[in-house]
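Hello,

Here is the structure we discussed, ready for you to load. My notes follow below it.

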Amino acid sequence: MSISAAESLEPKVCQEAGHSQHIEGQIKHHDDIFGIRDSANNGCELCAIIIKAFNGRKIEDENIARGMPIILSSNKNKLTASIESPEGLIELCRFDVYIDPGK
């Protein structure tokens, strides 16, 4: 059973060159989910996880996400991958991040 694109893309309150600073704590990772898919197909493990999370939403028409940038956000020891929609950020997945302070 699949859900409609509107239901599955509700906002919740690499390899591409030219990553741009978005707003503080956020970086544009790819132009849209199709860039993520291309990068995953070329071997990027991070993008493979993000596309798996997107595919898990069972969206009827993935073209609804065309042109919506993929944003990486950091908050303490969390990294979140989201789609930037006109209504706000739509979280796809979240990662726990550990950085050895001794390095």
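K76 sits in the loop between β2 and β3 (78–85). This is a predicted model. The phi of K76 is positive, about 55°, although the residue is not a glycine. K76 is also exposed, with a relative accessible area of 83%.

K58 is another residue to look at. Its place is in the loop between α3 and β2. Phi of K58 is near 50°, again a positive value in a residue other than glycine. K58 counts as partly exposed, at 48% relative accessibility.

A positive phi also turns up at a glycine. G43 comes just after α2 and has a phi of about 110°.

Now helix α2 itself, which covers residues 33–41. At its N-terminal end, D32 acts as the cap. A side-chain oxygen of D32 lies 3.0 Å from the backbone nitrogen of F34. Which residues of α2 are buried? They are I33, F34, G35, I36, S39 and A40. An α-helix has 3.6 residues a turn, so residues three or four places apart point the same way. The buried residues of α2 pack against two strands listed early and late in the chain, β1 (26–30) and β4 (88–96). They also pack against α3 (45–55) and β2 (70–75).

Next, the cysteines. How many disulfides does a search of the whole structure find? Zero. A disulfide is a covalent bond between the sulfur atoms of two cysteines. The cut-off used here is 2.5 Å between sulfur atoms. For C44, the closest cysteine sulfur is in C47, 3.6 Å away, so the pair is too far apart for a bond. For C93, the closest cysteine sulfur is also in C47. That distance is 10.0 Å, again too far for a bond. C44 counts as buried, at 9% relative accessibility. C93 is buried as well, with a relative accessible area of 13%.

Last, confidence. The protein averages a pLDDT of 79, and 76% of the residues score at least 70. Over residues 1–22 the pLDDT is below 50. In the model, that stretch has 55 contacts beyond near neighbours in sequence.

Best wishes

Key:
Residues are numbered from 1 along each chain as its sequence is written. This is a predicted model: local features need pLDDT of at least 70, side-chain atom pairs count only at pLDDT 80 or more; totals for chains, interfaces and linings use all residues. Side-chain values use heavy atoms; hydrogens and water are left out. Buried means under 20% relative accessible area, exposed over 50%, partly exposed in between (1.4 Å probe, protein chains only). Helices (H or I, at least four residues) and strands (E, at least two) are DSSP runs, numbered from the N terminus. Contact means heavy atoms within 4.5 Å. A polar contact is a pair of N or O atoms within 3.5 Å; within protein, one must be able to donate a hydrogen and the other to accept it, and residues adjacent in sequence count only if both atoms are side-chain atoms. pLDDT is the predictor's confidence in each residue, from 0 to 100.
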